[in-house]
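Trainee: Please take a close look at one part of this model, and then relate that part to the rest of the chain.

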Amino acid sequence: MPASERIITAADIIPDAEFRAQRSERRRELLPRKKLRRIEVGPVCTFYFETFDTMLFQVQEMLAIEKGGAEQLKDELAAYNPMIPQGSELTATIMFEIDDPKRRASILSRLGGVEDCFFLQIGTERIAAEPEGDVERTDESGKSSSVHFVHFKLKPEPLALFRDRAYRSLAGVDAALWACRLSPATRAATGDSFS
């Protein structure tokens, strides 16, 4: 099965004790790839482009921390498998990272509906993010969640331009007027998700 069509199954999960023994080494191996896929788009907004490996590590972490066994595994697979890029899509966890609780509440209260404003721009083509439909990310008061899960579905032409480092690529948020250029190294690391 191509890497871009893979999902996590119970067969991919190692026992908690084994994971805890390997955790530091696995984290150290994953960190350089995660660093290239982490894009600071605005002063408090960061895109984390996901892969099979980042999601597998997250599932293993959740299982090791919460110790919920087989029942928890079902929930974790349902939560994280949709975030593994498939085919010609990219997926991202987008976080508004604000340490101060008062400042966080103030900023998030002004970002209601932001889940419909995330984009990639490749050359002159803008690709709107499709929010993961698991839960509503803006509450009744108009306050946004601090975490969003999105998909960017690339058609053949923008996909070819994304792979061609001569074309500019941006990740951004329309509502807040934030965007950041994706470096060639980030694009190379992110582009390995495609089949």
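**From a loop to the core**

Mentor: Lys67 is placed in the loop that runs between α2 (52-66) and α3 (69-80); helices are DSSP runs of H or I with at least four residues, strands are runs of E with at least two, and both are numbered from the N terminus. The model is a predicted one, in which local features require pLDDT of at least 70 and side-chain atom pairs pLDDT 80 or more, whereas totals for chains, interfaces and linings use all residues. Residues are numbered from 1 along each chain as its sequence is written, and side-chain values rest on heavy atoms, without hydrogens or water.

The phi angle of Lys67 is near 50 degrees, which is positive although the residue is not glycine. Lys67 counts as exposed because its relative accessibility is 56%; exposed means over 50%, buried under 20% and partly exposed in between, with a 1.4 Å probe and protein chains only.

Phe162, in helix α5, offers a contrast: its relative accessibility is 0%, so this residue counts as buried. Leaving aside neighbours within four places in sequence, the contacts of Phe162 (heavy atoms within 4.5 Å) include Leu90, Ile122, Leu154, Ser169 and Phe194. Arg187 is also in contact with Phe162; the two are 25 residues apart in sequence, with their C-alpha atoms 7.2 Å apart. Leu154, with the same neighbours left aside, touches Leu120, Ile122, Leu159, Phe162 and Phe194, among others.

Leu154 is also one of the residues with the most contacts inside the largest nonpolar core, which has 31 residues. Such a core is a set of buried Ala, Val, Leu, Ile, Met, Phe, Trp, Tyr and Cys residues joined through side-chain atoms within 4.5 Å. Elements that give two or more residues to this core include β2 (45-49), β3 (89-96), α4 (101-109) and α5 (156-163). Its largest share, four residues, is supplied by β3. Another core lies apart from it and has 14 residues, including Ile13, Leu56, Tyr80 and Met83.

For the whole protein, the secondary structure amounts to six helices and nine strands, and buried residues are 45% of the 195. The radius of gyration is 17 Å, which agrees with the value near 16 Å for a compact globule of 195 residues; it is taken over C-alpha atoms, and the globule rule is 2.2 Å times the number of residues to the power 0.38. Along the principal axes, the C-alpha atoms fill a box of roughly 45 × 40 × 25 Å.
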